[in-house]
Amino acid sequence: FADVDYDRETSVDIDEGNVLAVDAEQNTIAVLGHDSSGIFNGLSTLRWMLESSRAQLKEAVITDAPDTLYRGIVEGFYGEYTFEERMDLIEFIGPLKMNTYIYGSKSDPYHNGQWKEPYPQDKISQIAQLVECGKKNNVELVWTAHVGGHIDMGSQADYDALTAKFDQLYDVGVRQFGLFYDDAGTDNTYLTEFINKLNQEYIHKKEGVKSLIVCPQTYNKNQADDNYFAKLAAFDEDVQIMWTGDAVISEVSPSMMEYIESKIHRPAYIWWNYPVNDLGLGAQLLVGETVGLSTEMGHMNGLVSNPMLQAQASKFSLFSIADYSWNIADFDRHASWENGVDYIIEEKDYAEAFKTFSANNNQSVAELMDQSVES
């Protein structure tokens, strides 16, 4: 790279950033990355170039880095995917430069009501395989416990049960954890003390573990509670706090982000409830253009998509959300959707037929958001 002109500030000095250089005269292709993820992303770019190029690559210098630290999926809908669907989605999002799969299946009793109980061997073996699949695709498998409504945060016994459960997951390779309090009544008297104790005494002391992620009981503006927000703001500054926006389903906009950041005193980690279609919307396939994503957002800490009950159909929106979260300002929703359809459906005639179908079968984020506010 001695003779390559590139902007370090927007490439290898940023987590997951990279520079890709192609020089046909020297018969050389080189990738320089900030870290192993940067190398992976640079190679993903190269693969895209090779697959889409109609001519031989001769010369190119590409500097690249993400606008969003955490990008991917939160499996947080009411329902669940099969083990095979989870594996397939991890393999799908990795090459799209998404880096996160948050496991939060409300239908998994060992995540939900029975979170204190260790996984049986067959289930923990599957999670181990998901972790390994994630490593191969540069995707972090984040395991979460839905403790809301099922925990006494003033109890040492419950604290010990949680860390023991985390240990079981740590032993099979999980290196990021989360706690979900959504959609469940919980006594929050000791919330701040509990989270900070867990963060300082467990998360910080376990080798290789990334930031703790918390989905609070109050997760959108319609539920606003300043006393509760004060408890969240008192979390250690490295704890990631999830937020859905102005409502359960919300547009991603600067005003939405400014509101919650003023309350919790840190960038929010966006749990975007799109294209999710549970709770009565299961028959609605949201496979058209992905709208509701402002290109004025700037850099974000996290943006994860809560997908549809139908894993395969969710890929069309996931493609565009990956596109957006990597490069916010240049996101073109129509071009991204067209590219996504062509990428997912390789047969041209089928792709064109699908575009016609989806144009007549899509519901916008704005319409869903209106329904969310009304409900």
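**Around strand 10: a Q&A**

User: Which strand pairs with strand 10 over four bridges, in the parallel sense?
Analyst: Keep in mind that this is a predicted model. One of the bridges to look at has tryptophan 271 on one side and valine 304 on the other. Valine 304 sits in strand 11 (residues 300-305), and the strand that pairs with strand 10 over four bridges is strand 11.

User: And what is the bridge partner of tryptophan 243 in strand 10?
Analyst: Strand 9 (residues 240-243) also runs parallel to strand 10, and the two share two bridges. In strand 10, tryptophan 243 has as its bridge partner isoleucine 270.

User: Which helix does the chain pass through on the way from strand 9 to strand 10?
Analyst: This is a β-α-β crossover, and a right-handed one. Its helix covers residues 254-264, and that's helix 7.

User: Which residue of strand 10 points the same way as Ile270?
Analyst: In a regular strand, side chains alternate between the two faces of the sheet. Here, Tyr269 and Trp271 go one way, and all four residues of this set are buried. Pointing the other way, along with Ile270, is Trp272.

User: Are helix 6 and helix 7 roughly parallel or roughly perpendicular?
Analyst: Their axes are 7 Å apart and the packing angle is about 70°. Angles from 65 to 115 degrees count as roughly perpendicular, so the answer for helix 6 and helix 7 is roughly perpendicular.

User: How many residues in the contact of helix 6 with helix 7 are nonpolar?
Analyst: Helix 6 brings residues including Phe229 and Leu232, which meet a helix 7 group with Tyr259 and Ile260 among them. Two of the contact residues are charged and none are polar, while the nonpolar ones number six.

Conventions
Residues numbered from 1 in each chain as written. Predicted model: local features only at pLDDT ≥ 70, side-chain atom pairs only at ≥ 80, totals over all residues. Heavy atoms only, no water. Buried < 20%, exposed > 50% of the residue type's maximum accessible area, 1.4 Å probe, protein only. Pairing = 2+ DSSP bridges. Right-handed = clockwise from strand over helix to strand, strands pointing away. Axes fitted to C-alpha atoms, helices over the stretch in contact; angles between N-to-C directions. Parallel < 35°, antiparallel > 145°, perpendicular 65-115°, else oblique. Contact = heavy atoms within 4.5 Å. Nonpolar A, V, L, I, M, F, W, Y, C, P; charged D, E, K, R; others polar.
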